[in-house]
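User: I'm new to reading protein models, and I'd like a close look at one part of this one. Please keep it informal and explain the terms as you go.

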Amino acid sequence: MKQITFNARSTLLAGALLLGTATASFAGPQDYEFQAVQTEIKQGPAATVSLRLVDKRTGKAVPDAVIFTTRMDMAPDGMETMTTKVDPTTSAEPGIYSFTTNLSMEGGWRFQVAAKVQGEPETVKGEVVLKAIP
């Protein structure tokens, strides 16, 4: 017969599971989503793009994330090498992240973003497709 040993942590966890009191919830990057506030943006050198970061488990916007990577390109129109600079701007609403960029051409633009969310060890990544209009 094989002997099974428990340490204090596994014993506590097993007890919590038996009592139905284990409520630990672990989130991951798949639990978050970037959404475009507006998908059609006026073409031009000072276009404003705003994204909402949403916790998919609650449906609520996530404030105070740290956006550290952005990339804007025309991949939806087959021109992935057509990129433009993206600069962060201020947003008055928590959970909304705004940027200015030069949407030099009409058409589809892909906006890729990476962020750190407070309390989450992994990076949250996302992309949204926008349309530059005249």
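User: How many residues does the largest nonpolar core have, and which of them have the most contacts inside it?

Analyst: Some ground rules before we dive in. This is a predicted model, where local features need pLDDT of at least 70 and side-chain atom pairs count only at pLDDT 80 or more, while totals for chains, interfaces and linings use all residues. Residues are numbered from 1 along each chain as its sequence is written, and side-chain values use heavy atoms, with hydrogens and water left out.

Now your core: the largest one has 25 residues, and F34, L51, L53, M72 and F111 have the most contacts inside it. A nonpolar core here is a set of buried Ala, Val, Leu, Ile, Met, Phe, Trp, Tyr and Cys residues joined through side-chain atoms within 4.5 Å. Buried means under 20% relative accessible area, exposed over 50%, and partly exposed in between (1.4 Å probe, protein chains only). Two or more core residues come from each of β1 (32-36), β3 (44-55), β5 (66-74), β8 (96-103), β9 (107-116) and β10 (124-133). Those strands are DSSP runs (E, at least two residues), and helices are runs of H or I with at least four, numbered from the N terminus. Overall, the protein has 1 helix and 10 strands, and the helix comes before the strands in the sequence.

Let's zoom in on L53. Setting aside neighbours within four places in sequence, L53 is in contact (heavy atoms within 4.5 Å) with residues including Y32, F34, V62, Y97 and V124.

Across the whole protein, buried residues make up 33% of the 134 residues. Of the contacts with a separation of 6 or more, 62% are between residues 24 or more positions apart.
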